[in-house]
Amino acid sequence: MTTQPELGSTTGSYIVQDGLTFRDLDGDDMLSPFEDWRLPATERARDLVSRMTTEEKAGLMIIGSHYPGYSAFLPHPVKGQILNQEDVWRDANPITGVPFAEPVLVTSATDKAINVRGQRDFVVRDNLTPHELAEWTNAVQELAENSRLGIPAIFASNPRNHVALVSQFGVNESTGIFSEWPGELGLAALNNPELIEKFGREIAKEWRAGGIHKLYGYMADLASEPRWSRFNGTFGEDPELVSDYIGAVVRGLQGETLSDESVATTIKHFPGGGVRLDGHDPHFEWGQTNEYPTENALERYHLPPFQAALNAGAASIMPYYARPMNNSAPQLTRDLWQEPTTQFEEVAFAYNRTFIQQLLREKMGHAGYVNSDSGVIDAMMWGVEELSEAERFAAAVHAGTDIFSDMANPAQLIAAVERGHLAASDLDQPVARLLTEIFSLGLFENPYVSADHAIEVIGAPEVSALGERAQRRSVTLLRNDADAALVPLQQGLSPGHGPHQNRAGAGSTGGGHCVGLADCRDRRRTRGCGLRPHLGSSRDRPLRRRPRRRLTVPGSPRQRRGRGPRAGDREDRPHTAGGQCDQPVAAGRARTRRPRRGHHVRNQTRAPAALAVRGGRWSGRSTSHGHAGVRSSHRRFTARRAREVPG
């Protein structure tokens, strides 16, 4: 950079040199390399790392939820108090209810976070107004500016721009504030990567206006298992479409390179979270394994979206909780096998050097940092349960993980250095990667935002109109019953130019949607349908049998009725009681069975996203905006498992 940037400071400490102005972040009246905005971000990061203590480095390697002092998430909110002044501890995992070995610090008092624990990465959870958001992030930045080295804070969030009746912790953390677009499956139904790139550019303006700099998203997972509780957060099961969308949203949010206008992306969940045995999620002990029955499924189906993200310059990648299992078909090239007869190290991906260092970094070319998923040290530590917390930190750092999610206490990472599990120098590379992002985002020059500008930009009429138009275009008709007479459309409605026609020859709605998919002439998979009746799926036989149970799932063309797969039979029914799905739903030979009557999806802006137990039965609660989503008579199904809705 050679042009004088706009600087922001509340201390008024500046250095003037060669007619240019720089912030005096460490207060020594001298221009240090890390304060010189003319230097490359990587060079500035290396200089700053050399000035940091081990404790400061460890603090930078954790990211956790943080709240204003008046937040309803706090046990004792104080009206009008901008900065939180209370440490909050938790005794059990909030998702599974499993007790922690010892209480876990889930959020720090803001002053302690900045000045005692060295934390700079914070996850925004509250659904704040634009003014509240700008006011709060500025207050945290002012506290950070007055710290020893003046390292600014970086604020991250899960998605905030998808239409929903209520915000959902860890999924869609805002509603009614930012512009509202279709859910991920609704966006996928549009089959429009160009729109997705524009979506990224527009919402980046809103986020930066409020002081949020990083997005935990989007999910590059292939939805090969429709029973997975996070299916609705994906862009569907088509590897090509998902790849196009992931590349587009990274380019939209970040731009060609990270800058003071970018929102950095953390693409998840490497190497693909859709590989779920019986649909069980690895937030839970019984869902902790990734088993691949199909040879080369990783390279063919699950890795291409992540490669697209890396090609677009994704700032960071998040590995999933699961661990790969050696009863899988061959997936890796032989040079990545552990031994001639052992393909995988059966530890969670955050601890798996083969996947992070050798596959992600060396083979796929990831140059950014690796951000763990929440709770890999103290809750979902699959495959390393026998290690102490300090040893887990060391194992993950050695594997290539750079920062640890949903943590507020670096004490055990510091202990890993003190006990010799890590050398102090082992923290230098992770911290340099993290600082490079903060420098690239322009936060060392100006971390502050204008509350007036935030009010003007966040949820502005122009971008909100774009989101609402996308919502209308994402409405997808999956079946055209004769008595419904929905197609052909009346004159004056959206013109038909999609790939399908019904038996009467009527065109589909616009945007590449499937209209009357069950009755269409060719009955083949249609690229662009984020959620389809599974008419053309091909599955391997289950690697291991599970106790059968009857499932009635919305949209299922057929239920499993009390028989296992025949010898030599390829399992092609998507809702089998016991099975592992690692292929796209429509990857194989076409099926021509009609869906059962009543399986309509009325609005695809948000598929049914939550499952709750009611009197021993499950019921789906639609989170679509003002629509039933799926007919209530097909929302409930029986199951033996407890609640499986991760946060």
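User: Why is N191 called partly exposed?

Analyst: This is a predicted model, and in it N191 has a relative accessibility of 25%. Buried means under 20% and exposed means over 50%. The 25% of N191 falls in between, so N191 counts as partly exposed.

User: Where does N191 sit, and what is unusual about its phi?

Analyst: You'll find N191 in the loop between α5 (184-190) and α6 (193-210). Its phi is positive, about 50 degrees, although N191 is not a glycine.

User: What makes N296 partly exposed?

Analyst: Its relative accessible area is 31%. Set that against the cut-offs, under 20% for buried and over 50% for exposed, and N296 is therefore partly exposed. N296 is in the loop between β11 (289-290) and α8 (297-302). Phi of N296 is positive too, near 65 degrees, and this residue is something other than glycine.

User: And T333, is that one buried, exposed or partly exposed?

Analyst: T333 has a relative accessible area of 38%. Since buried needs a value under 20% and exposed a value over 50%, T333 is partly exposed. It belongs to the loop between β13 (323-324) and α10 (353-363).

User: How far is T333 from L359, in sequence and in space?

Analyst: In sequence they are 26 residues apart, while their C-alpha atoms are 9.9 Å apart in space. L359 is one of the buried residues of α10. The others in that list are T354, F355, I356, Q357, L360 and R361. After α10 comes G365, with a positive phi near 90 degrees.

User: Why are α7 and α9 called roughly parallel?

Analyst: Look at the angle: the axes of α7 (residues 239-254) and α9 (residues 304-311) cross at roughly 25 degrees. Angles under 35 degrees count as roughly parallel, so that label fits α7 and α9. Their axes come within 8 Å, and the crossing is right-handed.

User: Which residues make the contact between α7 and α9?

Analyst: On the α7 side, P239, V242, S243, I246, G247 and V250 take part, and on the α9 side P304, P305, A308 and A309 do. By class, this contact has eight nonpolar residues, two polar ones and no charged ones.

User: What makes S243 and G247 the kind of residue that counts as polar here?

Analyst: Neither Ser nor Gly is on the nonpolar list or the charged list, and what remains counts as polar, with Gly named in that group. S243 and G247 are both part of the α7 contact with α9.

User: How do you know that α1 is oblique to α13?

Analyst: Again, start from the angle. The axes of α1 (residues 41-51) and α13 (residues 428-440) cross at roughly 130 degrees and come within 8 Å. That value isn't under 35, isn't over 145 and isn't in the range 65 to 115, so α1 is oblique to α13. As for handedness, the crossing of α1 and α13 is right-handed.

User: Which residues of α1 and α13 meet?

Analyst: From α1 come A41, T42, R44, A45, L48 and V49. They meet D428, V431, A432, L435, T436, F439 and S440 in α13. This contact divides into eight nonpolar, three polar and two charged residues. R44 and D428 are in the contact, and Arg and Asp both count as charged.

User: What makes up the buried part of α12, and what covers it?

Analyst: Helix α12 spans residues 411-418, and its buried residues are L413, I414, A415, A416 and V417. The cover over these buried residues includes α2 (54-60) and α11 (389-399). Just after α12, G420 takes a positive phi of about 85 degrees.

User: Where are the cis peptide bonds, and what are their omega values?

Analyst: One runs from G217 to Y218, with omega near 0 degrees. Y218 is part of strand β8 (residues 214-219). Another joins K268 and H269, with omega of about 5 degrees. H269 is in strand β9 (residues 264-270).

User: Zooming out, how many helices and strands are there, and what share of the chain is buried?

Analyst: The protein chain has 15 helices and 19 strands. Of its 647 residues, 62% are buried, meaning under 20% relative accessible area. The accessible surface comes to about 24800 Å², and 48% of that belongs to carbon and sulfur atoms.

User: What share of the contacts joins residues at least 24 apart in sequence?

Analyst: Counting contacts between residues at least 6 apart in sequence, 70% join residues at least 24 apart.

Key:
Residues numbered from 1 in each chain as written. Predicted model: local features only at pLDDT ≥ 70, side-chain atom pairs only at ≥ 80, totals over all residues. Heavy atoms only, no water. Buried < 20%, exposed > 50% of the residue type's maximum accessible area, 1.4 Å probe, protein only. Helix = DSSP H or I, 4+ residues; strand = E, 2+ residues; numbered from the N terminus. Contact = heavy atoms within 4.5 Å. Areas by Shrake-Rupley, 256 points an atom, 1.4 Å probe, with all protein chains shown as cover. Axes fitted to C-alpha atoms, helices over the stretch in contact; angles between N-to-C directions. Left-handed = near helix turned anticlockwise from the far one by under 90°.
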